Amino acid sequence: MAGIRSFHQITDSTFCTRVRTFFGDRPHTYYIETYGCQMNVRDSQTIAGLLESMGYTPAANRQSADAVLFNTCCVREGAEDRLRGNLGKLKEAKVKNPDMLVILCGCMMQEDGTADKLRRAFRFVDIFLGTHNTHELPMLIYRVLTAKERTLSLWEREGDIVEDMPVVREKTAQAYVNIMYGCNNFCTYCIVPYVRGRERSRRHEDIEREVRALARTGVKEIMLLGQNVNSYGKNCGEISFASLLRLLHGVDGIERIRFMTSHPKDLSDELIEAMRDLPKVACALHLPVQSGSDRILRQMNRHYTREQYLTLVKKLRAAMPDIALSTDVIVGFPGETEEDFADTLSLMEEVRFDSAFTFVYSPRVGTPAAEMKDETSDGEKKARMARLIALCEESSLARAQSKIGTRVRVLAEGKARKGEHLLCGRAESGWMVTFPGREDQIGQFVNVRVIHAKPNSLSGETEEE
Ligand code: SAH
Ligand code: SF4
Ligand code: F3S
């Protein structure tokens with residue numbers, strides 16, 4: 001089991017005060033640009049917490065900030081080009097304000113050789129920070145400020161879990177809560193285990209303490225995060241994920257609990273029962289299938305068959321007839337034939353997911369799949385993708401239309417992008433719902449009668465309890 005340390009007890013925390021003292025009463029601002037999944041979003045909240053402990057305040061935009069951070073993702077290719085483009089644009093701002101700190105962090109930094117390459121190409125980047133040592137950020141910033149030293153600080157392996165790091169969240173009623181870090185599954189296409197390290201779970205007492213503290217600040221909905229939450233606690237003597245859900249269900253003030261991601265191979269009956277029996281646990285599950293072909297699933301190292309996946313779906317729907325199911329699918333994995341792809345389509349047709357995230361396979365250097373023969377042309381992959389998307393939209397729309405006339409309970413998140421006096425928020429299923437409302441309802445649960453449906457979104461009128 002990974003060791004556990006408290007941020008307050010390690011020397012890195014003292015650098016927060018030193019940076020504050022360095023600036024004295026001079027204002028200093030920060031800007032964070034976040035790419036990738038919820039893990040990175042949650043890490044950026046910790047980074048913002050650390051920066052604010054150093055006296056930084058949020059900047060209006062990237063160009064005017066005293067510290068600019070890019071929290072990177074590398075799950076698919078193309079991300080590096082985008083980052084290079086953004087850095088190119090920032091160069092001018094750095095010339096105007098030489099004291100601006102530019103910091104790169106996140107998963108891409110842990111990719112073999114990438115940080116070194118970027119360091120040579122972008123001389124004005126001050127700090128390169130990996131995913132395992134976020135807590136060192138105050139010390140690294142202090143060093144750059146006082147000694148003008150460019151640093152690259154990457155730990156090859158995960159270290160102890162550091163608890164009690166400061167955090168800044170934008171939303172008041174919702175919070176992400178990490179329950180575990182890393183991944184042991186090594187799906188053959190995926191870079192995550194290489195850049196996030198081995199699986200380690202937080203102690204259930206630490207998670208519960210965090211959730212209780214969140215509830216005291218007005219948080220009503222929590223999203224538990226891990227690459228494979230179903231294996232929470234395994235091999236380290238911790239309680240099971242289902243027991244963790246039961247424990248957190250008892251926290252007063254928390255009204256809704258979500259979690260992601262679930263790996264089909266580890267989805268237990270105990271978890272299905274816990275979801276069924278615990279009213280605060282949202283009746284929704286993200287269960288990535290990746291492919292409907294047994295041959296491809298084997299090549300992907302997913303450890304389940306199409307039949308086993310479909311059996312899980314049956315069990316889930318038997319326990320919770322209205323459960324909202326979503327998934328991830330990869331199109332064009334090396335060696336995927338038309339027949340394999342037809343298996344994916346037929347699985348999608350059989351399950352009819354509420355929503356699906358679809359990705360064209362992207363080779364990642366260092367993963368086994370990148371070495372596999374891939375004879376399908378890009379054009380063919382695109383054509384398959386278009387067929388898949390058409391099918392997904394059709395199922396999504398049908399699921400959405402089936403909600404018309406029903407009442408959904410929505411946690412109002414904010415103003416809708418379009419339309420005055422419109423708010424938006426998520427129903428228990430995870431669907432986005434738009435409805436007329438007042439600003440003081442943001443952060444509250446609202447009942448909405450569904451009137452219109454689009455694939456992946458609903459709209460309607462509010463109703464009294
Ligand atoms: N741990 C989660 C998700 C991790 S990444 C899980 O196991 O489901 C999120 C999604 O990105 C994956 O589910 C997969 O569909 C997609 N993905 C990961 N690597 C990819 C690659 N090399 N090419 C295309 N899609 C990829
Ligand atoms: Fe990647 Fe597979 Fe781990 Fe998910 S379970 S993070 S897809 S290796
Ligand atoms: Fe990307 Fe890292 Fe998440 S590679 S998808 S940000 S774990």
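A polar contact is a pair of N or O atoms within 3.5 Å; within protein, one of them must be able to donate a hydrogen and the other to accept it, and residues adjacent in sequence count only if both atoms are side-chain atoms. With that in hand, look at ligand 1: one of its oxygen atoms lies 2.6 Å from a polar side-chain atom of Asp328.

Before going further, some ground rules. This is a predicted model, in which local features need pLDDT of at least 70 and side-chain atom pairs count only at pLDDT 80 or more, while totals for chains, interfaces and linings use all residues. Residues are numbered from 1 along each chain as its sequence is written, chains are lettered from A and ligands numbered from 1 in the order in which they are written, and side-chain values use heavy atoms, leaving out hydrogens and water.

Back to ligand 1. Gln290 joins in too, with a side-chain N or O atom 2.7 Å from an oxygen atom of the ligand. Ser362 uses its backbone instead: an N or O atom there is 2.7 Å from a nitrogen atom of ligand 1. On its own, ligand 1 has 540 Å² of accessible area (Shrake-Rupley method, 1.4 Å probe), and the protein covers 89% of that. Counting a residue as near when one of its heavy atoms lies within 4 Å, there are 15 residues around ligand 1, and Tyr189, Gln227, Gln290, Asp328 and Ser362 come nearest. Domain 2 (169–282) and domain 3 (290–402) each give at least three residues to this shell; the bounds come from an automatic or database domain assignment. Strands β15 (324–331) and β16 (355–360) each supply at least two. Here helices (H or I, at least four residues) and strands (E, at least two) are DSSP runs, numbered from the N terminus.

Now for ligand 2. Its surroundings include Cys183, Phe186, Cys187, Cys190, His263 and Arg302, and also Tyr189 and Gln227. By class, this shell has 7 nonpolar, 3 polar and 1 charged residues; Ala, Val, Leu, Ile, Met, Phe, Trp, Tyr, Cys and Pro count as nonpolar, Asp, Glu, Lys and Arg as charged, and the others, Gly among them, as polar. Phe186 deserves a second look: its phi is near 45 degrees, a positive value in a residue other than glycine. You'll find Phe186 in the loop between β10 (180–181) and α6.

Gln227 turns up again around ligand 3, along with Gly36, Asn40, Arg196 and others, among them Cys37, Cys73, Cys74 and Cys107. That shell divides into 5 nonpolar, 3 polar and 1 charged.

One backbone oddity is worth finding as well. Met260 and Thr261 are joined by a cis peptide bond, with omega about 5 degrees. Thr261 sits in the loop between β13 (256–260) and α9 (269–277).
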